[in-house]
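Reader: I'm new to this one. Could you show it to me and then let me ask why you call things what you call them?

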Amino acid sequence: MIRRLVALDIDGTILTHDGQIPEATHREVDRLRAAGHEVMLATGRSWFDTAPIHERLGLDSRFVVSANGAFTLERQADGSYAPCRIETFDPTAVLKRLRDGLGEAHYAIETPDGEFRYAGGAFPEASFEAAGRECSFEELLGLEATRVVVVAPDRSTEEFMSVVERSGLHQVSYSVGWTSWLDIAPEGVNKATALEPVRTALGIDRSAVFAAGDGRNDIEMLTWAGEFGTSVAMGQAPQEVFDAASSITGKIDEDGLAEALAQL
């Protein structure tokens with residue numbers, strides 16, 4: 001048997017929009033794990049928001065990639081997970097440029113210790129499973145961050161993207177699920193840059209890599225996986241994600257992930 005690395009996005013790939021994990025997904029994940037394949041999560045979520053999904057799926061993967069590749073954890077001897085690779089940046093300039101363009105919006109950062117701090121009011125309900133700490137916008141400046149999240153619910157997608165483009169930001173990706181949601185990672189950091197050292201540590205060949213996702217923050221991961229292995233875009237993904245993947249499966253509410261996993 002050729003052992004595979006199966007890297008899965010969470011929201012819109014594993015989780016439905018109402019926060020459920022389809023039974024068919026559970027069944028296929030269990031089958032692959034029982035066969036000896038490495039099934040792991042690669043998500044934009046913080047570890048605190050990733051851990052409940054990891055547990056619900058019954059995963060025990062050696063690694064977990066969170067914060068869009070800025071935060072990689074490794075399983076310890078006692079079964080707990082500890083950070084083994086953290087990428088950070090100073091979010092000050094990014095936050096100031098975005099506020100100049102967006103004005104009132106919801107701004108948040110994730111710190112290297114996994115704390116979620118936010119300004120501009122509470123984030124939309126169900127955005128994060130872990131409780132954060134509200135603070136002033138000025139208190140977000142100068143902090144070390146693994147990720148910046150900005151939500152501007154009163155802006156159209158076109159207006160939001162125009163502001164982002166004028167801001168000249170790097171490593172920007174838009175998550176599916178909200179009209180105007182922006183995730184910003186350290187420059188040069190994405191899910192693919194985190195998964196490549198994971199693959200090397202596991203000793204799995206590039207041809208045995210499988211990745212699935214539905215958001216613009218999955219594009220680099222899908223491109224990387226599809227170069228020698230297999231990458232799958234969920235059926236509800238935007239065109240840019242379709243273009244990055246080597247194949248397309250059904251939508252999240254059509255058991256699209258289970259359909260793709262069943263081919264392995």
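**Asking about the labels**

Author: Sure, and keep in mind that this is a predicted model. Let's start with helix α2 (residues 47-56), which lies across β3, β4 and β5 and runs at about 130° to β3. Helix α6 lies across β3, β4 and β5 too, running at about 175° to β3.

Reader: What makes β3 and β5 edge strands?

Author: β3, β4 and β5 form an open sheet of three strands in the order β3-β4-β5, with antiparallel pairing. β3 (63-66) and β5 (81-86) each pair on one side only, and that makes them the edge strands. Neighbouring strands of this sheet are turned by 30° against each other on average, direction ignored.

Reader: How do you know that β4 pairs with β5?

Author: Pairing takes at least two bridges. Strand β4 (residues 71-75) and β5 are joined by five bridges, so the pair qualifies under the cut-off of at least two. The two strands run antiparallel, and R75 stands opposite Y81 in β5.

Reader: And how do you know that β1 and β2 pair?

Author: The rule again asks for at least two bridges, and β1 and β2 have four, in the parallel sense. L8 has L41 in β2 as its bridge partner. These strands belong to an open sheet of five, ordered β2-β1-β12-β13-β14, with parallel pairing. Its edge strands are β2 (38-41) and β14 (247-248), each pairing on one side only.

Author: Helix α7 packs on that sheet and touches β1, β12 and β13, its direction making about 150° with that of β12.

Reader: Which residues of α7 are buried, and why do you place them on the same side?

Author: In α7 (residues 219-228), the buried ones are M221, L222, W224 and A225. They cover an arc of only 165° around the axis, so they sit on the same side of α7. What covers them includes β1 (5-8), α6 (191-202), β12 (209-213), β13 (230-233) and α8 (239-244).

Reader: Why is the pair of Y107 and F137 called edge-to-face?

Author: The structure holds three aromatic pairs. In this one, the ring centres of Y107 and F137 are 5.2 Å apart, with 75° between the planes. Centres have to lie within 6.5 Å to count as a pair, and planes over 60 degrees apart count as edge-to-face, so the name fits on both points. The pair links distant parts of the chain: Y107 is in strand β6 (residues 106-110) and F137 in helix α4 (residues 137-140), 30 residues apart. Both Y107 and F137 are buried.

Reader: What makes F116 and Y118 a stacked pair, then?

Author: Their centres are 5.5 Å apart, with 25° between the planes. The distance fits the 6.5 Å limit, and stacked means planes under 30 degrees apart, so stacked is the word. F116 and Y118 are buried as well.

Reader: What is notable about phi in A67 and D255?

Author: Most residues other than glycine have a negative phi. For A67, phi is near 50°, a positive value in a residue other than glycine. For D255, phi is near 60°, again positive and again in a residue other than glycine. A67 is in the loop between β3 and β4, while D255 is in the loop between β14 and α9 (256-261).

Reader: Why is A67 called buried, and D255 partly exposed?

Author: Buried means under 20% relative accessible area, exposed means over 50%, and partly exposed is in between. A67 has 0% relative accessibility, so A67 counts as buried. D255 has a relative accessible area of 34%, so D255 is partly exposed.

Note on methods: Residues numbered from 1 in each chain as written. Predicted model: local features only at pLDDT ≥ 70, side-chain atom pairs only at ≥ 80, totals over all residues. Heavy atoms only, no water. Buried < 20%, exposed > 50% of the residue type's maximum accessible area, 1.4 Å probe, protein only. Arc of directions from axis to C-beta. Contact = heavy atoms within 4.5 Å. Phe/Tyr/Trp six-rings, centres within 6.5 Å; stacked < 30°, edge-to-face > 60°. Axes fitted to C-alpha atoms, helices over the stretch in contact; angles between N-to-C directions.
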